[in-house]
2 protein chains.
Amino acid sequence: MATANTNSPMRSVHRAFEVLKVLELAQQPLRLTDLAQRTGLHVATTQRLVNVLTEHGYASRHANGYTAGPAALSTAHAFATTSPLRLVARPVLEEIATASGLTASLYVRVQDNRVLIDRVEGGQRPHYSLPIGERLPLYPGAAGKVFLACDPGHDLDATARRLQPVTLANGTVLDATAIRTDLEDAREHGFAVSADERQFGTTAIAAPITDAAGRTLGSLGLSGATHSLRDVQSTALPADVRRAAHTIGARVPAAG
Amino acid sequence: MATANTNSPMRSVHRAFEVLKVLELAQQPLRLTDLAQRTGLHVATTQRLVNVLTEHGYASRHANGYTAGPAALSTAHAFATTSPLRLVARPVLEEIATASGLTASLYVRVQDNRVLIDRVEGGQRPHYSLPIGERLPLYPGAAGKVFLACDPGHDLDATARRLQPVTLANGTVLDATAIRTDLEDAREHGFAVSADERQFGTTAIAAPITDAAGRTLGSLGLSGATHSLRDVQSTALPADVRRAAHTIGARVPAAG
DNA sequence: CCATCCTTTATCACTCTATGATAGCTCAAA
DNA sequence: TTTGAGCTATCATAGAGTGATAAAGGATGG
């Protein structure tokens, strides 16, 4: 968390969100000192910021430190009920999940991560974990790749070098060349595939959701067990996913 | 949204969260101008703030305006998985919901609102709406009252005057005296009851969750259909709710 | 009961950031 | 092209944010 140390406009506000991000990524309550350390901010500064966060409910104070706060739930609830992309995508997710019997997931990009904003299980057993809101990296995983690959005017070479090396869940280690080839494939075909990349035993196909202006709004993923998805590339699924993603993009109110 | 206009420390950070709150409360995308109007801030100031929010993913820009952003989902996810209160309360909610066949809800206070942070349905039909994260007022409703009534050293009289008049879902209008009596009752008995107050047809009992130091950490509510909950006060339910709330409070790591 | 430690909060002068009025830009629609 | 609405950039000034330091609060152990 070395950013936000530079002098810049709205520095304190940026810093506030840096603190919030650290709280979010921590899997446990953090002491003020830890927060200061991880953000790279002075303790006094951190304390002023976290107090504001707490006052507004975005941080919460406990016996053993601070965590994210309940106000985030409210904001998330508001997002879930007002986001045009999410609202428009919902029925499409349901349709493709039902038709395929697979899990349909909707991601959006937030800085250098993707966030799962909706999911529909096509299979019979609904997962009991509720991963909506999970923040995942952009690279391993089909749904993340499309953000990198389908970002127009984006230098895949530089991206590949920045990401390398990447270790997949199946043990494979990818160097810059492998990553670039992978991303080029995705860009060329308009969809990405991953098998046992982020999660062993899971295979996914994903396609970008773009608006009329070509901006990438999100990523639609369809995932299932690897053993039942051998040679997905030669099935109709990629085309289905692309079509669904296109449908969503077309239904989102034209961007300004 | 007339606050945050005063000069004060961390003004810009406070203002950022004011903007976020307006986005959250809006049921639709808001234009920059609307945001500025509702926050009472200058357009230029609003635009700088909302840009920072957008950059960090807490706001989202669409064709017809800004909404809350996807990062809130991540933070909410983090809150849900790390909040000691929520984690400790979960099994208790399940137990009391199962035992009573009613809906158990966990609220925490955020400024002058309560936020639903967890809910377990005891009945057979699970609601399909997912109201977790909903921001509700403190006064009408059992679970909100306890925050007002059980706040130690809190002037009920002043609170009652500040809140009046309140119109309940059943049409009753409460003046300051009625509100104060209601809150006094709750304080005396250690639990609050509401019948058709916020939502017609729903009756609820709630008790405060307090830590060893007497601080109110949250509110445990048990709700069901009014017609099946006549004379709840003379049943064992209030005691059950109080006991459950006490159990939760006792299991939360001692506050600092 | 006191002493010690750890964590959090208050204080304060200086610098640099946030502010807001204005002007300029972008993009549709007329 | 002109018009308009919405958003962004510019800039001087004021005053908020910063961080070093010190103090206060609370727990723990002797």
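## Worked exercises on a predicted model

The side chain of Ser219(B) comes within 2.8 Å of the backbone oxygen of Ala143(B). This is a predicted model, and the exercises below work through its local features.

### Exercise 1. Surroundings of Ser219(B)

Task: State which element holds Ser219(B), whether Ser219(B) is buried or exposed, and which residues Ser219(B) touches.

Solution.
- Step 1. Find the element. Ser219(B) sits in strand β10 (residues 216–225) of chain B.
- Step 2. Check the accessibility. The relative value is 0%. Buried means under 20%, so Ser219(B) counts as buried.
- Step 3. List the contacts, leaving out residues up to four places away in sequence. Ser219(B) touches Ser105(B), Leu106(B), Tyr107(B), Ala143(B), Val146(B), Phe147(B), Ala206(B), Ala207(B) and Ile209(B).
- Step 4. Return to the polar atoms. Ala143(B) is among the residues touched, and the side chain of Ser219(B) reaches the backbone oxygen of Ala143(B) at 2.8 Å.

### Exercise 2. Two helices in chain A

Task: Classify the packing of α2(A) and α3(A), and describe the residues of their contact.

Solution.
- Step 1. Take the geometry. Helix α2 (residues 32–39) of chain A packs against helix α3 (residues 43–55) of chain A at an angle of about 110 degrees. Their axes are 9 Å apart.
- Step 2. Apply the cut-off. Angles of 65 to 115 degrees count as roughly perpendicular. α2(A) and α3(A) are therefore roughly perpendicular to each other.
- Step 3. Name the residues. From α2(A) come Leu32(A), Leu35(A), Ala36(A) and Thr39(A). They meet Val43(A), Thr46(A), Gln47(A) and Val50(A) in α3(A).
- Step 4. Sort these residues. Five are nonpolar, three are polar and none is charged.

### Exercise 3. A salt bridge between a strand and a helix

Task: Explain which parts of chain A the pair Asp118(A) and Arg86(A) ties together.

Solution.
- Step 1. Start with the pair. Asp118(A) and Arg86(A) form a salt bridge, with the closest N and O atoms 3.8 Å apart. The salt-bridge cut-off is 4 Å.
- Step 2. Place both residues. Asp118(A) belongs to strand β4 (residues 113–121) of chain A, and Arg86(A) to helix α5 (residues 84–100) of chain A, so the bridge ties together parts 32 residues apart in sequence.
- Step 3. Check burial. Both Asp118(A) and Arg86(A) are buried.
- Step 4. Widen the view. Arg86(A), Arg90(A), Glu94(A) and Asp118(A) are linked in a network of salt bridges. The whole structure has 22 salt bridges over all chains.

### Exercise 4. Two further salt bridges

Task: For Asp211(A) with Arg215(A), and for Glu94(B) with Arg90(B), give the N to O distance and the accessibility of each partner.

Solution.
- Step 1. Take the chain A pair. Asp211(A) and Arg215(A) meet through their side chains at 3.3 Å, N to O.
- Step 2. Read the accessibility. Asp211(A) is buried at 9%, whereas Arg215(A) is partly exposed at 42%.
- Step 3. Take the chain B pair. The closest N and O atoms of Glu94(B) and Arg90(B) are 3.3 Å apart.
- Step 4. Place the chain B pair. Glu94(B) and Arg90(B) lie four residues apart in helix α5 (residues 84–100) of chain B, so about one helical turn separates them.
- Step 5. Read the accessibility again. Glu94(B) is partly exposed at 36%, and Arg90(B) is partly exposed at 29%.

### Exercise 5. Contacts of Gly249(A)

Task: Place Gly249(A) in its helix and list its contacts.

Solution.
- Step 1. Gly249(A) lies in helix α9 (residues 237–251) of chain A.
- Step 2. Its relative accessible area is 7%, so Gly249(A) is buried.
- Step 3. Setting aside neighbours within four places in sequence, Gly249(A) contacts Ile209(A), Thr210(A) and Asp211(A). Asp211(A) also forms the salt bridge with Arg215(A).
- Step 4. Pro208(A) is 41 residues from Gly249(A) along the chain, and their C-alpha atoms are 8.9 Å apart.

### Exercise 6. Backbone checks

Task: Locate the cis peptide bonds that precede Pro165(A) and Pro165(B), and the positive phi of Gln111(A).

Solution.
- Step 1. In chain A, a cis peptide bond joins Gln164(A) to Pro165(A), with omega about -10 degrees. Pro165(A) lies in the loop between α7 (156–163) and β6 (166–167) of chain A.
- Step 2. In chain B, a cis bond joins Gln164(B) to Pro165(B), with omega about -10 degrees. Pro165(B) lies in the loop between α7 (156–163) and β6 (166–167) of chain B.
- Step 3. Gln111(A) has a phi near 50 degrees, a positive value in a residue other than glycine. Gln111(A) is in the loop between β3 (103–110) and β4 of chain A, and is partly exposed at 30%.

Methods
Residues numbered from 1 in each chain as written. Chains lettered and ligands numbered in written order. Predicted model: local features only at pLDDT ≥ 70, side-chain atom pairs only at ≥ 80, totals over all residues. Heavy atoms only, no water. Axes fitted to C-alpha atoms, helices over the stretch in contact; angles between N-to-C directions. Parallel < 35°, antiparallel > 145°, perpendicular 65-115°, else oblique. Contact = heavy atoms within 4.5 Å. Nonpolar A, V, L, I, M, F, W, Y, C, P; charged D, E, K, R; others polar. Buried < 20%, exposed > 50% of the residue type's maximum accessible area, 1.4 Å probe, protein only. Polar contact = N/O pair within 3.5 Å; in protein donor to acceptor, adjacent residues only side chain to side chain.
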